[in-house]
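Please open the model in a viewer and keep the sequence panel visible alongside. The stops below proceed from the whole chain to individual residues.

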Amino acid sequence: MNPAIALHDLTVAYRRHPALHHISGRFEHGTLTAVVGPNGAGKSTLLKSLLGLVRIDSGEVEVNVARKRIAYLPQQAEIDRSFPISVLDCVFLGYWQKQGVFGGISQAMAARARDALLAVGLHGFEGRAVGSLSAGQFQRVLFARILVQDAELILLDEPFNAVDAKTTEDLLAIIHAWHVQQRTVIAVLHDHEQVRRHFPQALLLARRLVAWGDTAQVLTESHLHQAKHMPEATDPHAAPCQAKEAV
């Protein structure tokens with residue numbers, strides 16, 4: 001069976017310096033994987049590469065999931081909350097890929113959106129403006145949007161950044177439910193203990209691949225030390241990226 005995603009010698013560079021350098025590996029269907037690494041390791045770039053949001057310099061990303069079945073949650077800092085939209089309308093955006101711009105919202109779809117808000121603990125918030133919410137409340141809304149999207153592949157970029165402990169606990173429960181449902185979940189995270197407790201698989205990046213597999217075998221002291229001190233992870237003056245020569 002083909003994996004959900006396969007990376008074949010993936011390289012992404014900014015101004016000829018590598019953000020991701022010759023990454024190869026597989027995300028199998030139904031796996032729950034944390035992407036970890038030091039600042040500047042290329043974690044967010046990896047997610048954007050999977051979605052085709054950044055230019056690939058060499059190699060290939062093979063995605064064996066229909067685009068309509070992929071959900072992406074960017075970092076909150078990348079989302080403009082100044083647009084005047086209600087919580088419920090924001091959740092309705094989860095139907096966009098299947099319904100299109102002009103697709104209507106049926107009563108059943110509206111009921112499902114309200115059920116999603118109930119599931120994330122925001123019953124009664126339907127009419128609130130998203131700009132009035134706290135960071136944790138807004139992250140709950142974004143998870144509700146993914147719930148109605150019914151995605152097969154879910155990509156989360158720092159989903160617990162700047163949210164409170166209770167929200168993190170509740171959102172982790174939703175992620176575990178997705179895992180039980182055999183959805184493929186890939187999340188960029190920073191808290192190694194959180195990864196050890198909740199994510200069976202881990203990918204450790206430092207622009208290059210350090211380790212990928214069972215979390216206990218990836219997040220070892222040796223691997224973490226290696227990632228922290230890899231020159232490519234911290235040196236802005238590293239040599240320009242070059243494609244591998246054919247063997």
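Begin with the whole chain, which is a predicted model, and display its contacts. Of the contacts with a separation of 6 or more, 71% are between residues 24 or more positions apart. In cartoon representation, 10 helices and nine strands can be traced. The C-alpha trace spans about 60 × 40 × 35 Å along its principal axes. For 247 residues, a compact globule would have a radius of gyration near 18 Å, and the value of 19 Å for this chain agrees with that.

Next, switch to a surface representation. The chain exposes about 12,200 Å², of which carbon and sulfur atoms supply 53%. Buried residues account for 49% of the 247 residues. Colour by charge as well: there are 24 positive and 24 negative charges, and their mean positions lie 4 Å apart.

**First stop: the aromatic pairs**

How many aromatic pairs does the chain hold? The count comes to two. Select Phe-27 and Trp-212 to see one of them: the ring centres are 4.7 Å apart and the planes meet at 55°, so the pair is tilted. A stacked pair would need planes under 30 degrees apart, and an edge-to-face pair over 60. This pair links distant parts of the chain, since Phe-27 belongs to strand β2 (residues 17-27) and Trp-212 to strand β9 (residues 208-214), 185 residues apart. Phe-27 has a relative accessible area of 1% and is therefore buried, whereas Trp-212, at 22%, is partly exposed.

Now select Phe-143 and Trp-178. Their rings form a stacked pair, with 5.5 Å from centre to centre and 15° between the planes. Phe-143 sits in helix α5 (residues 135-149) and Trp-178 in helix α6 (residues 165-180), so the pair ties together parts 35 residues apart in sequence. Both Phe-143 and Trp-178 are buried.

**Second stop: Thr-33 and its surroundings**

Select Thr-33, which is placed in strand β3 (residues 32-36). Is Thr-33 buried or exposed? Its relative accessibility is 2%, so Thr-33 counts as buried. Show the residues in contact with it, leaving aside those up to four places away in sequence: among them are Phe-27 and Trp-212, the two members of the tilted pair. Thr-33 also touches Val-185, Ile-186 and Ala-187, as well as Phe-199, Gln-201, Ala-202 and Leu-203.

**Third stop: helix α1**

Move to helix α1 (residues 43-51), which is mostly covered, with eight of its nine residues buried. The buried residues include Lys-43, Ser-44 and Thr-45, followed by Leu-46 and Leu-47. Ser-49, Leu-50 and Leu-51 of α1 are buried too. Just after α1, select Gly-52, where phi takes a positive value of about 75°.

**Fourth stop: two positive phi values outside glycine**

Most residues other than glycine have a negative phi. Two residues to inspect against that background follow.

Select Asp-150, found in the loop between α5 and β6 (153-157). The phi of Asp-150 is positive, near 55°. With 24% relative accessibility, Asp-150 counts as partly exposed.

Then select Arg-207, which lies in the loop between β8 (201-206) and β9. Here phi is near 70°, again a positive value in a residue other than glycine. Which side of the 20% cut-off for burial does Arg-207 fall on? Its relative accessible area is 18%, so Arg-207 is buried.

**Fifth stop: two distances**

Return to helix α6 and select His-176. At 30% relative accessibility, His-176 counts as partly exposed. Draw a C-alpha to C-alpha distance from His-176 to His-198: the two are 22 residues apart along the chain and separated by 7.9 Å.

Finally, select Ser-82 in the loop between β5 (70-73) and α2 (87-92). Ser-82 counts as exposed, with 59% relative accessibility. Extend a distance from Ser-82 to Ala-165: the C-alpha atoms are 25 Å apart in space, and the residues are 83 positions apart in sequence.

Key: Residues numbered from 1 in each chain as written. Predicted model: local features only at pLDDT ≥ 70, side-chain atom pairs only at ≥ 80, totals over all residues. Heavy atoms only, no water. Helix = DSSP H or I, 4+ residues; strand = E, 2+ residues; numbered from the N terminus. Rg over C-alpha atoms; globule rule 2.2 N^0.38 Å. Buried < 20%, exposed > 50% of the residue type's maximum accessible area, 1.4 Å probe, protein only. Contact = heavy atoms within 4.5 Å. Areas by Shrake-Rupley, 256 points an atom, 1.4 Å probe, with all protein chains shown as cover. Lys, Arg positive; Asp, Glu negative; His and termini not counted. Charge placed at Lys NZ, Arg CZ, Asp CG, Glu CD. Phe/Tyr/Trp six-rings, centres within 6.5 Å; stacked < 30°, edge-to-face > 60°.
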